[in-house]
Amino acid sequence: MTRIAEARKFYARLMAANAGSADPRLEDVFAAVPREAFLGPGPWTVVAGNGRVKTPSADPVHIYQNVLVSLDAEKGINNGEPFLHAMWIGKVAPKPGEAVTHVGAGTGYYTALLAKLVSPGGAVTAFELDSSLAERAIKNLESYGNVTAIHGDAVVGGLPPSDIIYVNAGVAAPPAEWLKALKPGGRMVFPWRPAERIGLAVMVTRTDKGFACDPFMRSWFIPCIGASAASTKIHRDKAARSRKIWLTADKAPDRTATAVIGDVWFSSQSVGGRRSQ
């Protein structure tokens, strides 16, 4: 085994362990997809808190760790924290044959992981609004036959019917059209920023009784253009009690509302009818 293959294999074991997923394919996929192929030529700039550190060389061994790698320093765009994505991917549990929509694909690294997890038979549609990142993603994903990478606005144009919607840009609330795009049993994970100082990762599941939601961890992503107008009147503790999402067209907000944003609102009442305490 080469030095890089050994580093990638250990990295994959770490990712799978942090994900806590029962799917053994997760480790295999993290070992199979070369992260360096999506970062551009090294040396790379690693984001460490408020600082930046350049890798000593272009040796890929340096990026097989839980580190953020800068893609566009001026815009504050990076490749994302692998531990976080491993956890999110494990939580949405992609299965062979499923249709995935990736919003905010960046240069395509996590898109590639999702594409492998829905193979055979599944497909990924990846949206990236930034033109330079989209160009890189399209090129990086050329060899993945089940991926369609698009330079486009996922907020304005709507999404295809999806078993999974994987969002990598902070939204004040998921647009109603995203919720409607979820198939029965479909899952969406997104960074929720209903207020300036609130950042939560939320898992949404479409059931026969509506959209169940679970704010399961803190999370900060760059804003999603067109869907990130945050409020100042929403409190973190109240937002964290959200258990269901309604379309205002289907039901008017009531006393269980934890946040009302545009044409969707969040409720503390679970899909089964119980209120979160």
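# Notes on salt bridges, sheets and helix H3

1. Asp23 is partly exposed, at a relative accessible area of 23% (on this scale buried means under 20%, exposed over 50%, and partly exposed in between, using a 1.4 Å probe and protein chains only). Its partner Arg25 is also partly exposed, with a relative accessible area of 23%. The side chains of these two residues, Asp23 and Arg25, meet in a salt bridge, 2.9 Å from N to O.

2. A word on the source before going on. This is a predicted model, in which local features need pLDDT of at least 70 and side-chain atom pairs count only at pLDDT 80 or more, while totals for chains, interfaces and linings use all residues. Residues are numbered from 1 along each chain as its sequence is written, and side-chain values use heavy atoms, leaving out hydrogens and water.

3. How many salt bridges does the model hold? The count comes to 9, taking a salt bridge as a side-chain nitrogen of Lys or Arg within 4 Å of a carboxyl oxygen of Asp or Glu. One of them links Lys91 and Asp214, whose closest N and O atoms are 3.8 Å apart. Lys91 belongs to helix H3 and Asp214 to strand E11 (residues 210-218), so this pair ties together parts that are 123 residues apart in sequence. Lys91 counts as partly exposed at 33% relative accessibility, and Asp214 is partly exposed at 31%.

4. Another salt bridge joins Lys180 to Glu177, with 3.4 Å between the closest N and O atoms. Both Lys180 and Glu177 sit in helix H7 (residues 176-181), 3 residues apart, which is about one turn of the helix. Lys180 is partly exposed, with a relative accessible area of 47%, and Glu177 is partly exposed at 45%.

5. Is helix H3 mostly covered or mostly open? Helix H3 (residues 82-92) is mostly covered, with 8 of its 11 residues buried. Among these buried residues are Pro82, His85, Trp88 and Val92. Just after H3, Ala93 adopts a positive phi of about 50°. Helices here are DSSP runs (H or I) of at least four residues and strands are runs (E) of at least two, numbered from the N terminus.

6. Now the sheets. An open sheet of 10 strands follows the order E7-E6-E5-E8-E9-E10-E11-E12-E14-E13, and its pairing is mixed. Strand E7 (147-151) and strand E13 (257-261) are its edge strands, each pairing on one side only. From one strand to the next, the twist averages 20° (axes are lines fitted to C-alpha atoms, for helices over the stretch in contact, and angles run from 0 to 180 degrees between N-to-C directions). Within this order, E8 stands beside E9: strand E8 (residues 162-167) and strand E9 (residues 182-192) run parallel and are joined by 4 bridges. Ser162 has Leu182 in E9 as its bridge partner.

7. There is also an open sheet of 4 strands, ordered E2-E1-E3-E4, with antiparallel pairing. Its edge strands are strand E2 (51-54) and strand E4 (77-78), each of which pairs on one side only. Strand E1 (residues 45-48) and strand E3 (residues 68-72) run antiparallel, with 2 bridges between them; two strands pair if DSSP finds at least two bridges between them. If you would like a place to look, Val46 stands opposite Val69 in E3.
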